[in-house]
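Ready for some practice in reading a protein structure? Take a look at the model below, then work through the exercises one step at a time.

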Amino acid sequence: QVQLVESGGGLVQPGGSLRLSCAASGSIFRVTTMGWYRQAPGKQRELVATLPNGGSANYADSVKARFTISRDNDKNTVYLEMSNLKFEDTAVYYCNIVATKYILGKYTAYWGQGTQVTVSS
């Protein structure tokens, strides 16, 4: 089994900052892409940022220059630094990893349980 545990969400005022963390554990041999998605009430889940192992980050246009994704491969952990937060950033944020349990195994996408980020004055 693979488990993803997210932390760092909360309530913040517009213009504020938050840092999300997501630690993966369990039967993991290798992780390729790690990323963050979000889902606002009444909307579909959307990509926020992804970071391939050894590659360049990809951001949604709405968060570019405000959010930064990073990862610690030794800890199988992905982070999302969010700054200059706006009302429209309010959503449940989900981490996602693509990983395999075995050296020649199939790669599978795993999701965290989600963490609420609320931007409100």
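**Exercise 1. Find the strand that holds glycine 10, and describe the surroundings of this residue.**

Step 1. Glycine 10 belongs to strand β2, which covers residues 10–12. Strands here are DSSP runs of E with at least two residues, and helices are runs of H or I with at least four residues, both numbered from the N terminus.

Step 2. Glycine 10 has a relative accessibility of 24%, so it counts as partly exposed. On this scale, buried means under 20% relative accessible area, exposed means over 50%, and partly exposed lies in between (1.4 Å probe, protein chains only).

Step 3. Setting aside neighbours within four places in sequence, glycine 10 is in contact with Leu18, Gln116, Val117 and Thr118. Contact means heavy atoms within 4.5 Å.

Step 4. Threonine 90 is 80 residues from glycine 10 along the chain, and their C-alpha atoms are separated by 9.9 Å.

A note on the model: it is predicted, with local features needing pLDDT of at least 70 and side-chain atom pairs counting only at pLDDT 80 or more, while totals for chains, interfaces and linings use all residues. Residues are numbered from 1 along each chain as its sequence is written, and side-chain values use heavy atoms, leaving out hydrogens and water.

**Exercise 2. Work out which cysteines form a disulfide, and where they sit.**

Step 1. Recall that a disulfide is a covalent bond between the sulfur atoms of two cysteines. The rule used here asks for a pair of cysteine sulfur atoms within 2.5 Å.

Step 2. That rule gives a count of one disulfide. Its partners are cysteine 22 and cysteine 95, with an S to S distance of 2.0 Å.

Step 3. The bond links distant parts of the chain: cysteine 22 is in strand β3 (residues 18–26) and cysteine 95 in strand β9 (residues 91–100), 73 residues apart.

Step 4. Buried or exposed? Cysteine 22 is buried, at 0% relative accessibility, and cysteine 95 is buried with a relative accessible area of 0%.

**Exercise 3. Describe the protein chain as a whole.**

Step 1. Count the elements: there are 11 strands and zero helices.

Step 2. The radius of gyration is 14 Å, close to the 14 Å that the globule rule gives for 121 residues, so the chain is as compact as a globular protein of that length. The radius is taken over C-alpha atoms, and the rule is 2.2 Å times the number of residues to the power 0.38.

Step 3. Of the 121 residues, 42% count as buried.
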